[in-house]
2 protein chains.
Amino acid sequence: MNTLFKALNDPTRRAILELLRERPLTAGEIADHFTFSKPTISHHLDLLRQADLVNSDKQGQFVTYTLNMTVMDELLGWLLQFKPSSDSTP
Amino acid sequence: MNTLFKALNDPTRRAILELLRERPLTAGEIADHFTFSKPTISHHLDLLRQADLVNSDKQGQFVTYTLNMTVMDELLGWLLQFKPSSDSTP
DNA sequence: TTGTTATTTAGATAAATATCTAAATACTTC
DNA sequence: GAAGTATTTAGATATTTATCTAAATAACAA
């Protein structure tokens, strides 16, 4: 839970997740969407991987990142514990 | 969104939210659940208030804190954008 | 093998954060 | 008004974090 919230507590990392919502992307493609250096993006990807929010798959010299939303379900569960039982989830 | 994730990115603050799930509590009552100093808890409460996760209400010398979950809906919405449309929310 | 591209690792630095103690504020009661 | 209680503010400090540049690793291509 700690690593999950830590990973989500950064606008760049949340933007990366939103990018990956469209389709898997390589580290370089992700970096191209930002003005930060590649090492910086690599570090963000590392934190996302630590939180299990993304999977990485090396194909040749490229590393492709994909969303892994199973952990988000954990967050969803945490959230719903605050919902007063009457539910309005769409 | 930034202040929301920032507020949630701390185990003490999440524990405070879980305490308030039961019932409203005064700042002192909340502080009694932890070993941190009162100023530290006060600071955490301040961040929770900034994120609109709690409301504070001063009654005499006591300040009572209550959950305000309307912002959580924002988070819920953000989360659900990652859900692949087929839904499994309980 | 040599050069080129993709990505990560190492190390440094500035900014943000969690925590503390001491002091200030505000209310209550005598 | 003085003393006591509840809470917050101020200021300091140690840790964490986001970022950078330079270097390392790995794969491809010639």
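Student: So helices here are DSSP runs of H or I with at least four residues, strands are E runs of at least two, and both are numbered from the N terminus. With that settled, which element gives the largest share of the surface near DNA strand D?

Tutor: That is H4(A), which supplies five residues. Please keep in mind that this is a predicted model.

Student: Noted! Which elements give two or more residues to the surface near DNA strand C?

Tutor: From chain A there are helix H3 (27-32), helix H4 (38-50) and strand E3 (62-67), and chain B adds its own helix H4 (38-50). The largest share of the surface near DNA strand C comes from H4(B), with five residues.

Student: And which residues come nearest to DNA strand C?

Tutor: Of the 22 residues around DNA strand C, the nearest are A:Gly28 and A:Tyr65 from chain A, plus B:Ser37, B:Thr40 and B:His44 from chain B.

Student: What does B:His44 do there, in terms of atoms?

Tutor: An N or O atom in the side chain of B:His44 sits 2.4 Å from a phosphate oxygen of DNA strand C. B:Lys6 has a polar side-chain atom 3.5 Å from a phosphate oxygen of that strand.

Student: What share of the strand C atoms within 4 Å of the protein is sugar or phosphate?

Tutor: The share is 80%, and the rest belong to bases. One base contact comes from B:Gln61, where a polar side-chain atom lies 3.4 Å from a base oxygen of DNA strand C.

Student: Which atom of DNA strand D lies 3.0 Å from a polar side-chain atom of B:Gln61?

Tutor: A base oxygen. So B:Gln61 has a polar side-chain atom within the 3.5 Å cut-off for a polar contact of a base oxygen on DNA strand C and on DNA strand D.

Student: Nice. What about the phosphates of DNA strand D, starting with A:Arg13?

Tutor: A polar side-chain atom of A:Arg13 is 2.9 Å from a phosphate oxygen of DNA strand D. With B:Val63 the backbone takes part: one of its polar backbone atoms lies 3.4 Å from a phosphate oxygen of DNA strand D.

Student: Which residues are closest to DNA strand D?

Tutor: Among the 22 residues surrounding DNA strand D, the closest are A:Ser37, A:Thr40, A:His44, B:Gly28 and B:Tyr65. Of the strand D atoms within 4 Å of the protein, 79% are sugar or phosphate, with bases making up the rest.

Student: How do the residues near DNA strand D split by class?

Tutor: Eight are nonpolar, ten polar and four charged. For DNA strand C you get eight nonpolar, ten polar and four charged as well.

Student: Changing topic: how much area do chain B and chain A bury between them?

Tutor: About 2,600 Å², with 66% of it on carbon and sulfur atoms. In residue terms, 26 from chain B are in contact with 26 from chain A.

Student: How many salt bridges and polar pairs link them?

Tutor: There are two salt bridges between chain B and chain A. One of them joins the side chains of B:Lys83 and A:Asp73, at 2.5 Å from N to O. Eight residue pairs between the chains are in polar contact, counting pairs with both residues at pLDDT 80 or more.

Student: Which elements of chain B give two or more residues to that side?

Tutor: Helix H1 (2-8), helix H2 (11-22) and helix H5 (70-80) of chain B. H5(B) gives the largest share, seven residues. By class, the side of chain B that touches chain A has 15 nonpolar, four polar and seven charged residues.

Conventions: Residues numbered from 1 in each chain as written. Chains lettered and ligands numbered in written order. Predicted model: local features only at pLDDT ≥ 70, side-chain atom pairs only at ≥ 80, totals over all residues. Heavy atoms only, no water. Near = heavy atom within 4 Å. Polar contact = N/O pair within 3.5 Å; in protein donor to acceptor, adjacent residues only side chain to side chain. Nonpolar A, V, L, I, M, F, W, Y, C, P; charged D, E, K, R; others polar. Contact = heavy atoms within 4.5 Å. Buried area = accessible area lost by both parts, 1.4 Å probe. Salt bridge = Lys/Arg side-chain N within 4 Å of Asp/Glu carboxyl O.
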